[in-house]
Amino acid sequence: MKLGPVELPALPVPRLGLAAFRRRLVVHLAFVLLVAATLGLALTVLQDQKQRSYQRYEQGFRQSLAEITLQLRHPAGQLALLNPGMEPGNGQDLAPVLLPFSAIDFDDQYKALRAVEMAGCGLRWPQGASLCAAVGSNAYAGGFVYLVGSLDAGPLQPRSVGQLDLDGVHRLRVSLDYRGQRSVWTAPYEAARPDEGPALQRGRLTGFLAEGDQLERQARPQREFRGWLWREGPCVQSGDAANAEAACARHTVFSVRLPVEAFKAALFERGAQSWPPRDLDRLRLRVQLLGPAGEDGAAVALFDSARPGATVGVSLDRLGAALQAGETLRIERLGEHPLVIAERRGAEIGDAPLPWLSRLIRRLPVDVPVGDARLRLQAQEEVVTATGRYRLSLQGDLRSLDRQLAREARSLLWLVGAMLAAIAFAWLLVELGLIRRITVLTRRAAAVSYNMQDPRAEQRIGELDVADLEGRDELGILAGTLQALLQRVKDGLRREQLRAEREREMWHAVGHEIMSPLQSLMVLHATADDPSHRYVQRMQQAVRVLYGTASPSEALEAADLQLETLDLAQFCREVVANAPHAGIADVQLQGDDGTPLPVRGEAYALEDVVTHVLRNAQRYRLPGTPITLRLAAEDGFALLGIHNRGPAIPADMLARIFEYGVSDQPPDAGPERRGQGLFVARSYLAKMDAQIEARNEDGGVRFWLRLRRA
C-alpha cells in the first residue's frame, strides 16, 4: 500500500542577526571584487589597443598617400590618371587610351612591348592574349592610333607578291568607327625573308583599305598604315613528334600604327587645339588576326578584341583596395576649372556582431584633443603629367577604427567570458558546497531550538530534515549525527500515521463493495412491512459511515479475481432480466442472435462493472427512453456497448470520468455519487485484461466494454 509523506506544520524560523552571515558576506564580496577586476582588466586592454591603433593610423596616414602618389607618378599610374574611365571591352569594340608619352616606337618589337608593359595599357584575356590600343600625348606627333598585341600562334602563312586572294594567308583586320565614318583595313602578313623556316618568322603587315579577303587588281597599300609581326621563341605547347612544328605555338607580337584622318584634319583647324579630343571615348576599334580558311570555308580567328573576358591591367578602381576603412581618396585635375575625375573609398566595415561592444569601445577615452575635428585626418599631394597637374586629397576618420577594433576584440571577449565563467563556477562550488550547507544547517538548528518551547514540540520536530547535508567532511558528519537523533522521532510519527491510514482505507474499500449488493437487496425488500427492510437500512447506514472517509483505490488494487470463461451473451440476458430488481427499468439487449460469445472474466466483478455503468446511464438518460445493450465481435475481442440518450459528455472529460473522485454532482449528493463507480469499473476491467471507454454518439453516450475472447 502506497502512503504519502507525513504532513506536519511548518517550523517558524527566528530572525537571525547579521553576525550569523558575516562569513558568507565576506566570501561573496571577494567574488564580486574578482569579477570587477576581470572586467577592469578587459577594459584597460581595449583602451590600450584603441590608443595604439589611433597612433599607428596617424603615423601611417601620410605614408599611405605617399605610396599612392608614387604609384600614380609611374607611367602605369599616369595612364590611369589620363584615362579614369578605362575599362575592358567586355565583348564589344574598344576605345583607345591616352598614353603618358608622345608615341610608341612601333617598328621595334622590344621597345613597343616595353612601352606597353611600362604604361600597363594592355588588355589581357584568359588565353594569354593581350592588346594595347592607344594614342600619344602629343598631338603634333601625328594623328595615329597605336596597336600593340601579343598571342600564342602556330606557323604563319605569308602572302606572296601580287596575291589578291587572302583566304589562305594570315592577315590582320582592323575596323575603326569615329564621328560617323567607318574605315576597315585588311593587312596580310608578308615575310621579310621568305627563305626563313617556320621557327622564326618576321615580316610586315601591309594595310589595304578593304573589308573583304579579295583584293582588287589595282589595289595599293595605304602608305601611312605601318605594321610589323614577329613570331619567335620556344614552343609554348606542342603536339606529337611527327608533326611537332606544325602544332608548335610560339609567342607572336604585332605592332601597328593606324592613321586617323579626323585627327589630322583637326590639327589644321583654326583656334586653340585640345588634345586628346573630347570625344576620344567615342572612337571604336576592333582588331582581328585571321588565319587561312578552314574546312567550312570560314576564316579562323586567332585573335579578336571583341572577345569577352578581358581585364584591365591598371585602373583607378584598384586604388580603393589599398585604402583603409573610413578613408576617401579624391583626385582632381587642376586648371582653370578644377574637375574631380575620381573618388575612391576604402572597404566598408559592417556593424560588429555585438553592437554593444562597438558602443563600449567608442566611449573609451583616448589621448587625442577634444573635438571631432581632430578625429578627421586630411593630406594632399600633387602629380604632374605631360597633360597637366593632378591633386590627390586623402581623408581619414579615426572613428572608423572603433568598428574594426570591435571585430578584433571578439577573441578577447571569449577570453573574458571564459574567466567570468570560471569565477562563476568557483562561486557555485563554494556557495552550494559550503556556504549554503552552513546556512541551511544554521537555520534548521535555530528553528529546532526556537520551537522547543512550543507545547507541540514532539510533532514539530519531525519537520527538520538535514539528510541532504550529510557527507564525509565536518559539516556532513555534524548533519549526519543530528539526522540520526531526529530519525527516531520521525519513525514513531510515521508508524502511527501509516497504521491509521491502513485501517481507514481497509474499512472504506470493504464498505464500498458492500454498498452495491445492498442496493439490490433494498429494491427486493422495498416495502415497509417487510421484516428485512429495516435491517437492510441499518446495514446501509453503517456502511455509509465507513464509506465517506477515504479512497478505495488501494483496496481495489489488492483484490484478486479468479478469471474463467463466461458467455457474454447469456450474461447480458441475465443482466437485462435482473435490472428492474436493481431499480433500473427499460433495459434492452440488441444484436443477440442466440450465438454464444465466450470471454475471459469473473462473473461477480463483471456484474459489478455493468451495474455501475447502468446506474450512471440511469442517472443521465432522458425520461421515457430505454438503455440499450449491444453485442459485437472483432479480432480476438468481444464488445459490449451500453447506450443511453441524454446530454453528451464534454470532450475534455471523456477520459477523466474514469478517475477517482471526478463527478459533476455536488458534494452533498450522497456517497454513491462521489465519482467512484466508473473508477471501480475501470479497475475491475483492468484486472480482467479488458478496457472501457466512453463516446458521444447517437444523441447520447455509449460506454464500450472491450473483453478478450476465450
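**Salt bridges, cores and one helix**

Okay, let's start with a pair of charged side chains: glutamate 343 and arginine 345 form a salt bridge, 3.4 Å from N to O. Keep in mind that this is a predicted model. Of those two partners, glutamate 343 is partly exposed at 32% relative accessible area, while arginine 345 counts as exposed at 52%.

That pair isn't alone, since the count comes to 21 salt bridges. Here's another: arginine 573 with aspartate 592, where the closest N and O atoms sit 2.7 Å apart. This one ties together distant parts of the chain, because arginine 573 belongs to helix H13 and aspartate 592 to the loop between strands S18 and S19, 19 residues apart. Both are partly exposed, arginine 573 at 27% and aspartate 592 at 30%.

Then there's arginine 702, bridged to aspartate 698 at 2.9 Å, N to O. Is arginine 702 buried or exposed? It's buried, with a relative accessible area of 2%, whereas aspartate 698 is partly exposed at 47%. And Arg171, Arg173 and Asp213 are linked in a salt-bridge network.

Now, the inside. The largest nonpolar core has 80 residues, and Leu172 and Phe254 are among those with the most contacts within it. Strand S4, residues 144–153, gives the most to this core: seven residues. A second, separate core has 41 residues, including Val610 and Ile642. Back to leucine 172: it touches Trp185, Leu205 and Phe254, among others.

Last stop, helix H15, residues 677–687. Eight of its eleven residues are buried, so the rest of the structure largely encloses it. Phe679 and Tyr684 are among the buried ones. After H15 comes aspartate 689, with a positive phi near 60°.

How values were computed: Residues numbered from 1 in each chain as written. Predicted model: local features only at pLDDT ≥ 70, side-chain atom pairs only at ≥ 80, totals over all residues. Heavy atoms only, no water. Buried < 20%, exposed > 50% of the residue type's maximum accessible area, 1.4 Å probe, protein only. Helix = DSSP H or I, 4+ residues; strand = E, 2+ residues; numbered from the N terminus. Core = buried A, V, L, I, M, F, W, Y, C linked by side-chain atoms within 4.5 Å. Contact = heavy atoms within 4.5 Å. Salt bridge = Lys/Arg side-chain N within 4 Å of Asp/Glu carboxyl O. Lists of a residue's contacts leave out its neighbours within four places in sequence.
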